Structures are given as structure tokens and as C-alpha cells.
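Biologist: Please take a close look at the pairing of the two strands and at what surrounds it. A connected account would be preferable to a list.

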Amino acid sequence: MQYIDPSLPCADKLAFDSRKEAAATAVVAFHRYGTKMYPYVCRYCGLWHLSSRSNNNGDDYA
Ligand SMILES: [Zn+2]
């Protein structure tokens, strides 16, 4: 987990140093909630987040 500047649109998202770290959390989320999550690099903070959609470029903030 990384600190994110609160002014960024992704400030309320989980953030990870690496795809590996994000992917590991995605596995946990899948087992816990049954929700498939996909790691992606954020264009705002440059860290990794998880999205419930597979075909996005980090634009799912709306
Ligand atoms: Zn971000």
C-alpha cells in the first residue's frame, strides 16, 4: 500500500508498488468477494490499482 496525494482522483483507491502486489490482492479479493479484479497502471499516480473491468486504461473514475 502506498500513500496517494489526496488531490488525485484515485486517492480513495488501493495502490500498489507492482503488478505482482496488485495481482496478489486481486486473488484475495476474488476469493473473499467473488469479484474478478484486474491490475492496471494509474496515469495519475503511476502506481498500480485494481479495476473490476478488464478493458480499461485507468479511466474508470467516473
Ligand atoms: Zn492512481
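Modeller: Within the strand pairing, Tyr 40 has His 49 of S2 as its bridge partner. One register step along, Val 41 is bridged to Trp 48, again a residue of S2. Both bridges belong to an antiparallel pairing of S1, residues 38-41, with S2, residues 48-51, which comprises 4 bridges. The coordinates come from a predicted model, and every value quoted here is computed from it.

The connection between the strands deserves attention next. The hairpin of S1 and S2 places 6 residues between the strands, and Gly 46 adopts a positive phi there, near 80°. A second glycine with a positive phi, Gly 34, follows helix H1, and its value is near 75°.

Trp 48 links the strand pairing to the rest of the chain. When neighbours within four places in sequence are set aside, the contacts of Trp 48 include Pro 39, Tyr 40 and Val 41. Trp 48 also touches Ala 15, Phe 16 and Ser 18, as well as Arg 19, Glu 21 and Ala 22. Of these, Arg 19, Glu 21 and Ala 22 lie in the range of H1, residues 19-33. That helix has 15 residues and spans 20 Å between its first and last C-alpha, close to the 21 Å expected at 1.5 Å a residue.

Trp 48 is also a member of the largest nonpolar core, which has 8 residues. The other members are Ala 15, Phe 16, Ala 22, Ala 26, Met 37, Cys 42 and Leu 47. Such a grouping fits a general pattern, in that nonpolar side chains tend to be buried together in soluble globular proteins.

Beyond the pairing, Arg 53 occupies the segment after S2. Arg 53 counts as exposed because 11 other C-beta atoms lie within 10 Å, and the cut-off for that class is 12 or fewer. Arg 53 and Tyr 38 are separated by 15 residues in sequence, yet their C-alpha atoms are 6.7 Å apart.

The wider setting can be given briefly. The protein contains 1 helix and 2 strands, in the order α-β-β from the N terminus. Of its 62 residues, 18% count as buried. Among contacts between residues at least 6 apart in sequence, 39% connect residues at least 24 apart.

Key. Residues numbered from 1 in each chain as written. Predicted model: local features only at pLDDT ≥ 70, side-chain atom pairs only at ≥ 80, totals over all residues. Expected span 1.5 Å × (residues − 1). Core = buried A, V, L, I, M, F, W, Y, C linked by C-beta atoms within 7 Å. Buried ≥ 20, exposed ≤ 12 C-beta atoms within 10 Å, placed from the backbone. Contact = placed C-beta atoms within 7 Å. Pairing = 2+ DSSP bridges.
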